[in-house]
Amino acid sequence: MELRVKQVREITGPLLDAFARLMPQLSPQLAAPSAARLREIAASPGTALFTAEAGGRVWGLLTLVWYDVPSGRKAWIEDVVVDAEARGMGAGRALVAAALEHAGVIGAGKVLLTSNPAREAARALYRKMGFEEAATTVFAIKTDAK
């Protein structure tokens with residue numbers, strides 16, 4: 001399977017279908033974002049949405065977000081998911097490589113990501129690609145009513 005990674009500029013029906021199929025694979029409680037929300041994300045000046053495609057089908061997704069702070073521009077890789085049927089075929093590596101290349105283009109001095117410890121294959125991939133575990137703790141708080 002020859003994969004092609006591309007940055008999403010237009011939200012199409014097949015892309016919406018891919019999100020509906022892939023987001024629950026990332027986490028069972030996740031639903032696909034609406035077309036309007038995806039259009040906002042794709043149009044955001046601080047976000048790049050990438051797909052890994054082959055054979056007319058989207059096999060993987062990744063979002064890169066960036067922001068500027070006094071210590072420099074930072075980027076985060078978020079919502080990386082590869083279809084269970086395509087895992088081990090290079091889609092994750094290709095998506096992360098595209099995100100890292102884009103991070104360089106936009107001048108991000110550091111790229112960060114988080115990964116669930118249960119996702120051993122993903123964590124091994126990130127290490128192979130040069131990511132190191134940071135000596136820090138991520139704190140989180142939900143601000144919505146859900």
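Reader: How many bridges join S1 to strand S2, and in which direction do these strands run?

Author: Two strands are taken as paired if at least two bridges are found between them. In this predicted model, S1 and strand S2, residues 47-54, run antiparallel and are joined by 4 bridges. One such pairing can be followed at residue level: Arg4 has Glu53 in S2 as its bridge partner.

Reader: What is the strand order of the sheet, and is the sheet open or closed?

Author: The sheet is open, and its 5 strands follow the order S1-S2-S3-S4-S5 with mixed pairing. Strand S1 (4-7) and strand S5 (110-113) each have a single partner strand, so they stand at the edges with one side lacking a neighbour in the sheet. On average, neighbouring strands of this sheet are turned by 25° against each other, with direction ignored.

Reader: Where do the strands fall among the elements of the chain?

Author: The chain has 4 helices and 5 strands. Read from the N terminus, the elements run β-α-α-β-β-β-α-β-α. The radius of gyration is 15 Å, close to the 15 Å from the globule rule for 146 residues, so the chain is as compact as a globular protein of that length. Along the principal axes, the C-alpha atoms fill a box of roughly 40 × 35 × 35 Å.

Reader: What share of the residues counts as buried, and what area does the chain expose?

Author: A residue is buried when its relative accessible area is under 20%. By that criterion, 37% of the 146 residues count as buried. The chain exposes about 9,100 Å², of which carbon and sulfur atoms supply 53%.

Key:
Residues are numbered from 1 along each chain as its sequence is written. This is a predicted model: local features need pLDDT of at least 70, side-chain atom pairs count only at pLDDT 80 or more; totals for chains, interfaces and linings use all residues. Side-chain values use heavy atoms; hydrogens and water are left out. Helices (H or I, at least four residues) and strands (E, at least two) are DSSP runs, numbered from the N terminus. Axes are lines fitted to C-alpha atoms, for helices over the stretch in contact, and angles run from 0 to 180 degrees between N-to-C directions. The radius of gyration is taken over C-alpha atoms; the globule rule is 2.2 Å times the number of residues to the power 0.38. Buried means under 20% relative accessible area, exposed over 50%, partly exposed in between (1.4 Å probe, protein chains only). Accessible areas come from the Shrake-Rupley method with a 1.4 Å probe; for residues, only the protein chains shown count as cover.
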